[in-house]
Structure formats: C-alpha cells, structure tokens
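Reader: I have a structure to read and some terms to learn. Could we go through them one at a time?

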Amino acid sequence: MDETPLLIVDAANVVGSRPNGWWRDRAGATARLRDSLVPLATSGVLPELPPPAEVVLVVEGAARGVPSVPGVRVVAADGSGDDAVVDLVAAAPQRRRLVVTADRELRERVAEQGAEVHGPRWLTDRDTRSRESR
C-alpha cells in the first residue's frame with residue numbers, strides 16, 4: 001500500500017476561480033498553476049497535508065496539451081474532467097486522497113468515495129498560511 005497522499009487538483013475549476021484573464025490563454029494559465037504546484041510534492045500543504053505528496057493535475061479542453069513536469073503528473077481527461085477526478089479517487093481506495101475543487105457535484109461524488117475535499121482557496125492561500133505558522 002502506498003502511504004503517500006494523493007493530491008488531485010481540478011485544473012479548470014481552480015484556474016477559473018481567479019479573475020485574472022485566464023480565459024484569454026487557458027493552457028498558459030493551467031501551466032502556471034501546474035508550476036505553482038511543483039513544490040507541494042516535497043513541502044505538502046501545511047498543516048493539513050504534510051509532505052511528501054503525489055500531486056496530480058486533471059486538465060481538459062484547451063488545456064489538454066499541458067505536459068507533466070517533475071513533481072506534478074498531468075492527466076488529460078478523455079471526456080469530462082470531473083469524471084477523470086472521480087476515476088483517480090476510485091483507483092486509489094487505500095490511500096489518503098485530497099481533491100481540490102469548488103464544483104459542488106464533484107465535491108459530493110469524491111466525498112462519497114472517502115476523499116477529503118478542499119476549495120481552490122486552500123491552495124491559493126497556502127502562502128499566507130505558511131507565513132502565519134512560522
């Protein structure tokens with residue numbers, strides 16, 4: 001059994017949670033999100049997710065071409081990104097699974113399978129939390 005927690009990020013939902021012009025370049029915004037997640041593989045998201053963690057970014061649509069990088073595995077959804085997230089949660093029942101999304105239906109679907117769910121601000125506000133815990 002893999003003891004490493006699985007952090008699954010719903011890219012479209014997290015990217016869309018910030019009104020920063022992402023709609024002009026979805027792939028670029030997703031690549032920037034991916035790059036911001038790289039440190040989480042080794043540093044976690046304290047205090048809720050101590051390191052190490054396997055970080056998976058689920059992409060769909062115009063962001064499907066965003067590649068994986070060391071520290072973040074990118075999964076391009078064949079169809080619905082939500083279905084891909086649920087499939088990843090279902091494929092790892094023995095692991096601690098954390099899903100980042102604000103999508104209510106997706107939150108319910110993964111919680112029914114035992115995943116912990118956090119909203120996008122849990123990721124985007126992590127720098128503030130880490131400074132406060134010092």
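Reader: What makes β1 a covered strand, and which way do its residues point?
Author: This is a predicted model, so every value is computed from it. Leu 6, Ile 8 and Asp 10 point one way from β1. Leu 7 and Val 9 point the other way. Buried means under 20% relative accessible area. All of these residues are buried. That is five of five, and β1 counts as mostly covered.

Reader: Why is Ala 12 called partly exposed?
Author: Ala 12 has 44% relative accessibility. Buried would need under 20%, and exposed over 50%. The value falls in between, so Ala 12 counts as partly exposed. Ala 12 lies in helix α1, residues 11-15.

Reader: What is Ala 12 in contact with, beyond its neighbours within four places in sequence?
Author: Val 58 and Glu 60. Contact means heavy atoms within 4.5 Å. Glu 60 is 48 residues away from Ala 12 in sequence, yet the two C-alpha atoms are 7.2 Å apart. Val 58 also stands opposite Asp 10 of β1.

Reader: How do you know that β1 pairs with β2 and with β4?
Author: Count the bridges. Two strands pair if there are at least two bridges between them. β1 and β2 have five. β1 and β4 (residues 97-100) have four. Both counts meet the cut-off, so both are pairs, each in the parallel sense. In β4, Arg 97 is the bridge partner of Leu 6, and Val 100 is that of Val 9.

Reader: What is the order of the strands in the sheet?
Author: The order is β3-β2-β1-β4-β5, in an open sheet with parallel pairing.

Reader: Why are β3 and β5 at the edges?
Author: Each has a single partner strand, so one side of each is left without a neighbour in the sheet. On average, neighbouring strands are turned by 25 degrees against each other, direction ignored.

Reader: Which helices lie across the sheet strands?
Author: Among them is α2 (residues 26-37), which lies across β1, β2 and β3. Helix α2 runs at about 170 degrees to β2. Another is α5 (residues 104-111), across β1, β4 and β5. Helix α5 runs at about 160 degrees to β5.

Reader: What makes α4 mostly covered?
Author: Seven of its 10 residues are buried. They are Gly 81, Asp 82, Ala 84, Val 85, Val 86, Leu 88 and Val 89. Their cover includes β1, β2, β3, β4 and α5.

Notes. Residues are numbered from 1 along each chain as its sequence is written. This is a predicted model: local features need pLDDT of at least 70, side-chain atom pairs count only at pLDDT 80 or more; totals for chains, interfaces and linings use all residues. Side-chain values use heavy atoms; hydrogens and water are left out. Helices (H or I, at least four residues) and strands (E, at least two) are DSSP runs, numbered from the N terminus. Axes are lines fitted to C-alpha atoms, for helices over the stretch in contact, and angles run from 0 to 180 degrees between N-to-C directions. Buried means under 20% relative accessible area, exposed over 50%, partly exposed in between (1.4 Å probe, protein chains only).
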